[in-house]
2 protein chains.
Amino acid sequence: MDISKILDLIYQLPEQSKLELQNNVSEIAFPKGHILLKANKIESNIYFIKKGLVRAFVERDNEVTFWFGKEGETIISMKSYVEDEPGYENIELLEDCELYELKTKNLRKLFNEDVHIANWGRKFAEKELIKTEERLISRQFKNASERYLELMKDHPELIKRVQLGHIASYLGITQVSLSRIRAELK
Amino acid sequence: MDISKILDLIYQLPEQSKLELQNNVSEIAFPKGHILLKANKIESNIYFIKKGLVRAFVERDNEVTFWFGKEGETIISMKSYVEDEPGYENIELLEDCELYELKTKNLRKLFNEDVHIANWGRKFAEKELIKTEERLISRQFKNASERYLELMKDHPELIKRVQLGHIASYLGITQVSLSRIRAELK
DNA sequence: TTCATTTTTTATCATTTGTTAAATTTTTTC
DNA sequence: GAAAAAATTTAACAAATGATAAAAAATGAA
């Protein structure tokens with residue numbers, strides 16, 4: 001998915017502002033398994049996924065996967081981006097990826113210079129917020145089996161592309177529980 | 001908490017922009033028990049809490065409380081605000097409240113006219129996003145008892161001001177479970 | 001205060017999910 | 001293609017949480 005399309009998905013910018021943003025973007029590729037972002041470090045870039053699939057996870061006793069990103073989505077260490085503090089998330093590439101890279105520093109400059117880009121940034125955060133809030137609510141009143149069915153309905157491709165251990169973690173259950181749930185659905 | 005302080009908490013605006021925002025704000029009060037926002041309706045205002053306490057909940061078999069707002073916080077139907085679509089949340093006043101009201105229509109106009117206000121709106125969404133993401137992650141690897149202790153640590157005043165049924169719902173467990181957890185902590 | 005109502009706790013049993021270990025299947029590597 | 005490694009499933013039992021009902025405590029209204 002090309003950068004112009006990705007930027008439009010978030011918010012339709014006037015041509016001039018869009019070019020400003022695109023001029024600050026460079027392309028970069030990494031292989032499956034690469035750790036793009038490490039926890040407890042300030043990340044100075046954000047990335048848009050041209051091609052591939054990644055996961056965000058935090059490390060506890062085990063790894064807790066809390067987000068998947070695929071073509072068209074944006075990779076951000078929220079803490080770094082928003083508060084300039086080390087983030088809590090690691091980002092691992094689950095497939096070979098082609099990414100667009102944008103320096104946070106340059107983006108912040110554009111936020112202060114261009115009202116359209118500031119509103120683009122606002123829309124981005126707002127849309128992410130709605131997605132996160134809906135997931136939180138879903139967690140609050142659905143059991144594991146219902147959450148799995150919901151994921152199958154909303155993101156069937158994820159279940160094909162991601163190994164079940166990560167899916168189970170994302171759903172907030174153990175892999176063994178997910179396996180049991182799948183067996184019961186047959 | 002006065003409106004100037006509340007706006008500053010989100011993002012420090014230049015004086016001129018701040019006055020622009022403040023000029024669009026009016027004061028309003030409602031008694032405990034009042035339903036300020038109803039689900040499935042487009043809400044045309046956002047509110048800042050000057051004084052009091054509210055909760056956001058969705059209706060399922062039971063009510064699921066997913067947010068508490070107190071002095072200095074912002075009441076928004078995210079779906080209405082972001083996508084101009086009916087929201088999923090109800091907002092109930094848990095105490096008598098004094099609120100600042102701001103018409104979404106006017107705010108949108110300011111977002112397009114004033115780069116500082118656009119960035120204020122961006123910061124607001126970004127900060128809410130981090131809080132929501134942290135709660136989601138906490139849900140993913142902490143059990144009910146740990147989540148209760150976390151809430152006691154981070155927001156002890158909530159436990160004093162809110163009845164336990166709502167707290168239990170917010171934590172994603174039944175009131176009976178929360179009561180049991182409290183008994184085990186003694 | 002006193003009574004009625006609401007909230008919280010306690011108890012019991014059912015269900016869901018976790019833990020551990022082993023078996024099976026799939027994927028990767030040589 | 002065979003061996004090794006990784007991922008998934010299955011099984012048995014443990015622990016956490018849910019559901020229901022009843023008792024106790026707290027709150028609110030007359």
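Buried area is the accessible area, taken with a 1.4 Å probe, that two parts lose on being put together, summed over both. The model is predicted: local features need pLDDT of at least 70, side-chain atom pairs count only at pLDDT 80 or more, and totals for chains, interfaces and linings use all residues. Residues are numbered from 1 along each chain as its sequence is written, chains are lettered from A and ligands numbered from 1 in the order in which they are written, and side-chain values use heavy atoms, with hydrogens and water left out.

**Exercise 1. The interface**

State how much area is buried between chain B and chain A, and which residues of chain B supply it.

*Solution.*
- Start with the area: about 3800 Å² is buried between the two chains. Carbon and sulfur atoms give 66% of it.
- Next, the contributors. B:Leu129, B:Leu136 and B:Gln140 supply 18% of the area that chain B buries against chain A, more than any other three residues.
- Then count contacts (heavy atoms within 4.5 Å). 40 residues of chain B touch 40 residues of chain A.

**Exercise 2. Charges and elements across the interface**

Find the salt bridges between the chains, then break down the side of chain B that touches chain A.

*Solution.*
- Apply the rule: a side-chain nitrogen of Lys or Arg within 4 Å of a carboxyl oxygen of Asp or Glu. It finds 2 salt bridges across the interface.
- Take a salt bridge between A:Lys79 and B:Glu134: their side chains meet at 3.5 Å, N to O.
- Assign the elements. Helices (H or I, at least four residues) and strands (E, at least two) are DSSP runs, numbered from the N terminus. Those that each supply at least two residues include strand S5 (63-70) and helix H3 (78-83) of chain B. The largest share, 20 residues, comes from H5(B).
- Sort by type: 19 nonpolar, 8 polar and 13 charged. Here Ala, Val, Leu, Ile, Met, Phe, Trp, Tyr, Cys and Pro count as nonpolar, Asp, Glu, Lys and Arg as charged, and the others, Gly among them, as polar.

**Exercise 3. The sheet in chain A**

Work out the strand order of the open sheet and place S3 within it.

*Solution.*
- Two strands pair if DSSP finds at least two bridges between them. 4 strands of chain A line up as S1-S8-S3-S6, with antiparallel pairing.
- Mark the edges: strand S1 (25-30) and strand S6 (74-75) of chain A each pair on one side only.
- Join S3 (residues 45-51) to S8 (residues 97-103) in chain A: 6 bridges do this. A:Ile49 stands opposite A:Leu99 in S8(A).
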